[in-house]
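Welcome! Let us walk through this structure together, starting with its ligand and moving on to the way some of its helices pack.

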Amino acid sequence: MKEIYDIAVVPGDGIGPEVSKAAVRVLTEALGSTAVLRFAEYPAGAELFQRTGDSFPAATFEACRSADAILHGAAGLPGVVHPDGTEAGLDFTLGLRSKLDLYANVRPIKLWPGVTSPLRGREVGDIDYVIVRENSEGLYAARGSGVFLRGEVAMDPLVQTRKGIERIVRFAFELARTRGGAPADGRRRVTCCDKANVLRSYALFREIFSEVARGYPDVEAEYALVDAMTLHLVRQPSHYDVIVTENMFGDIISDLGAATVGGMGMAPSAELGDGNGFFQASHGSAPDISGKGIANPYGTVLAGAMMLDWLGRRHGDRRLLDAARRIELAVHDALAQRNALSGDIGGTMGSADITGILCANLAPAASAA
Ligand code: IPM
Ligand code: MN
């Protein structure tokens, strides 16, 4: 346990500064006057690139690397690109992933009360699973290093290694042990989502999944091909508890999952390595609504709660675990009782009002640390 935890905050572009500000406010409130978290802001992103030519300064990287955790708003602006056409705003997120080896991308998909799912008849409690996206290899590992021949031929290799697969699958099973099982039947379950019937790399993923699964007889192991998975996540989301999958598949099915629980604004994301943790909402920078005070702050606030939970477990700090739980309860109450809904989830409330309600809802901290 540490006295104080240093949090590097990177507000970024578009609505990034608004949602990170909301999260910092809720996190600070949740920990009371104890000043357990020390926040410091660092620049990165597309707007910075426009002004300075550098999207991800070395000083920001160093601050992120040495902080206890990293909280990000959002990054990227359409049209702000490198000479090769790739978006400058993505350099920060993608750079951190590879430089800090943030191999586990944890994306909870949870239907909160008061939020209407586009899936008919789904209520709070019916959808509550976690996508564990492999975040260091797979199809995206080739970014910037594939083959591009005279504008005629392009190739991006799909890389899967025993080491990479083993550690992400183990992570998924360990996570399942901390959860209460799938909503449908209460059983702890890890689903391997792949395309093992077509590609060798996915066959290796499945083979190693099976090997690791044998070490977790208390958790049910099952398989789903990714195309069928998109159908299952729409038809029977309650069956799922933890899903583990390759990088690009995880990218795709996590957006699908988010859509079933109210959209990207309700979807937090944690990117974890053995030494560092990076937390943000799954949504982008939404420049069309930035500065209007109407951005949905829930995704980033929930990412902040994941940050406290991760830090609390890592450092054995009950204060942080308790604060994480109280933030989740505050979100629950804001949605269930106060109808605190932003425009994207069917309401009319602005970010500041929602944030105020969340702060007011925070139950007092447990006295003993
Ligand atoms: C995500 C995003 C990123 C990804 C982009 C912004 C590079 O879509 O975190 O899901 O593709 O991983
Ligand atoms: Mn994505």
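A polar contact here is a pair of N or O atoms within 3.5 Å. Keep that cut-off in mind, and keep in mind too that this is a predicted model.

With the cut-off in hand, look at ligand 1. An oxygen atom of ligand 1 lies 2.7 Å from an N or O atom in the side chain of Arg107. For the side chain of Arg133, the distance from an oxygen atom of ligand 1 to an N or O atom is also 2.7 Å. Asp251 offers a further pair, with an N or O atom of its side chain 2.9 Å from an oxygen atom of ligand 1. These three residues belong to the surroundings of the ligand, which also include Leu90, Leu94, Arg97 and Tyr140.

Now let us turn to the helices. Two packed helices are described by the angle between their axes and the distance between the axes. Take helix 5, residues 162-177, and helix 6, residues 200-213: they pack at an angle of about 50°, and their axes are 9 Å apart. Helix 5 is therefore oblique to helix 6, and the crossing is right-handed. On the side of helix 5, the contact involves Arg162, Ile165, Glu166, Ile168, Val169, Arg170 and Phe173. Helix 6 contributes residues including Leu204, Phe205, Ile208 and Phe209. Sorted by class, the residues of this contact are ten nonpolar, no polar and five charged.

Next comes helix 10, residues 318-336, which we can follow into two packings. With helix 1, residues 16-30, helix 10 makes an angle of about 120°, and the axes are 9 Å apart. That angle makes helix 1 oblique to helix 10, and the two cross in a right-handed way. Here Val26, Leu27 and Ala30 of helix 1 touch Ala323, Arg326 and Ile327 of helix 10. Five nonpolar residues, one charged residue and no polar residues make up this contact.

What is the angle between helix 10 and helix 11? Helix 11 covers residues 351-361, and helix 10 packs with it at about 120°, with axes 8 Å apart. Helix 10 is thus oblique to helix 11, and this crossing is right-handed. The residues that meet are Ala330, Val331, Asp333 and Ala334 in helix 10 and Ile357, Leu358 and Asn361 in helix 11. They divide into five nonpolar, one polar and one charged.

Methods: Residues numbered from 1 in each chain as written. Chains lettered and ligands numbered in written order. Predicted model: local features only at pLDDT ≥ 70, side-chain atom pairs only at ≥ 80, totals over all residues. Heavy atoms only, no water. Axes fitted to C-alpha atoms, helices over the stretch in contact; angles between N-to-C directions. Helix = DSSP H or I, 4+ residues; strand = E, 2+ residues; numbered from the N terminus. Parallel < 35°, antiparallel > 145°, perpendicular 65-115°, else oblique. Left-handed = near helix turned anticlockwise from the far one by under 90°. Contact = heavy atoms within 4.5 Å. Nonpolar A, V, L, I, M, F, W, Y, C, P; charged D, E, K, R; others polar. Near = heavy atom within 4 Å. Polar contact = N/O pair within 3.5 Å; in protein donor to acceptor, adjacent residues only side chain to side chain.
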